[in-house]
Amino acid sequence: MEAIMETITQFSVPVVVGICLCVGYVLKNIVPTDKVNRFIPLIMAALGLALNVWIHMGISPEIILGGLFSGLSSTGLYEAFRNLIKK
């Protein structure tokens with residue numbers, strides 16, 4: 001369990017997670033149809049990657065993984081908050 005948490009903190013970029021979380025929330029609430037909602041994880045992964053490359057001004061495997069991981073984790077974080085609020 002400790003190794004998993006270490007990996008998460010190593011590749012998570014809080015700024016990217018926050019921006020992707022906000023953009024995903026806006027997309028989810030502006031376009032309530034399933035046409036866009038089913039692509040939100042893909043959009044967040046692409047946005048996270050683009051933001052992380054822009055922040056670091058370069059491309060490396062760590063930057064790519066950090067951006068993809070942060071974008072996708074924002075989707076999971078949204079779902080966790082939503083489930084926490086509902087209960």
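The following exchange concerns helix packing, one salt bridge and selected residues in a predicted model.

Visitor: On what basis are features of this predicted model reported?

Guide: Residues are numbered from 1 along each chain as its sequence is written, and side-chain values use heavy atoms, with hydrogens and water left out. Local features need pLDDT of at least 70, totals for chains, interfaces and linings use all residues, and side-chain atom pairs count only at pLDDT 80 or more.

Visitor: How many salt bridges does a search of the whole structure find, and which residue pairs with Glu79?

Guide: A salt bridge requires a side-chain nitrogen of Lys or Arg within 4 Å of a carboxyl oxygen of Asp or Glu. The search of the whole structure finds 1 salt bridge. Glu79 and its partner are 3 residues apart in helix 5 (residues 61–86), about one helical turn; helices are DSSP runs (H or I, at least four residues) numbered from the N terminus. With the closest N and O atoms 2.6 Å apart, the partner of Glu79 is Arg82.

Visitor: Is Arg82 buried, partly exposed or exposed?

Guide: Buried means under 20% relative accessible area, exposed over 50%, and partly exposed in between, with a 1.4 Å probe and protein chains only. Glu79 has a relative accessible area of 28% and is partly exposed. At 30% relative accessibility, Arg82 counts as partly exposed.

Visitor: How is helix 2 oriented with respect to helix 5?

Guide: Axes are lines fitted to C-alpha atoms, for helices over the stretch in contact, and angles run from 0 to 180 degrees between N-to-C directions. The axes of helix 2 (residues 14–30) and helix 5 come within 8 Å and cross at roughly 50°. Angles under 35 degrees count as roughly parallel, over 145 as roughly antiparallel, 65 to 115 as roughly perpendicular, and the rest as oblique. Helix 2 is therefore, relative to helix 5, oblique.

Visitor: Which residues of helix 5 make the contact with helix 2?

Guide: Contact means heavy atoms within 4.5 Å. On the side of helix 2, the contact is made by Val16, Val17, Cys20, Leu21, Tyr25 and Lys28. From helix 5 come Gly67, Ser70, Gly71, Ser73, Ser74, Leu77 and Tyr78.

Visitor: Where is Ser70 placed, and what does Ser70 contact beyond its neighbours within four places in sequence?

Guide: Ser70 is located in helix 5 and is buried, at 0% relative accessibility. Leaving aside neighbours within four places in sequence, Ser70 is in contact with Phe11, Ser12, Val13, Val16 and Val17.

Visitor: At roughly what angle do the axes of helix 2 and helix 4 cross?

Guide: Residues of helix 2 that meet helix 4 include Val15, Ile19 and Leu27, while those of helix 4 include Ile43, Leu47 and Ile55. The axes of helix 2 and helix 4 (residues 40–56) come within 9 Å and cross at roughly 145°.

Visitor: Which residues does Val23 touch, not counting those up to four places away in sequence?

Guide: Val23 lies in helix 2 and is partly exposed, with a relative accessible area of 31%. Not counting residues up to four places away in sequence, Val23 touches Met44 and Leu47.

Visitor: What is the phi of Met57?

Guide: Met57 lies in the loop between helix 4 and helix 5 and is exposed, with a relative accessible area of 67%. Most residues other than glycine have a negative phi. Met57 is not a glycine, yet its phi is positive, about 50°.

Technical notes. Helices (H or I, at least four residues) and strands (E, at least two) are DSSP runs, numbered from the N terminus.
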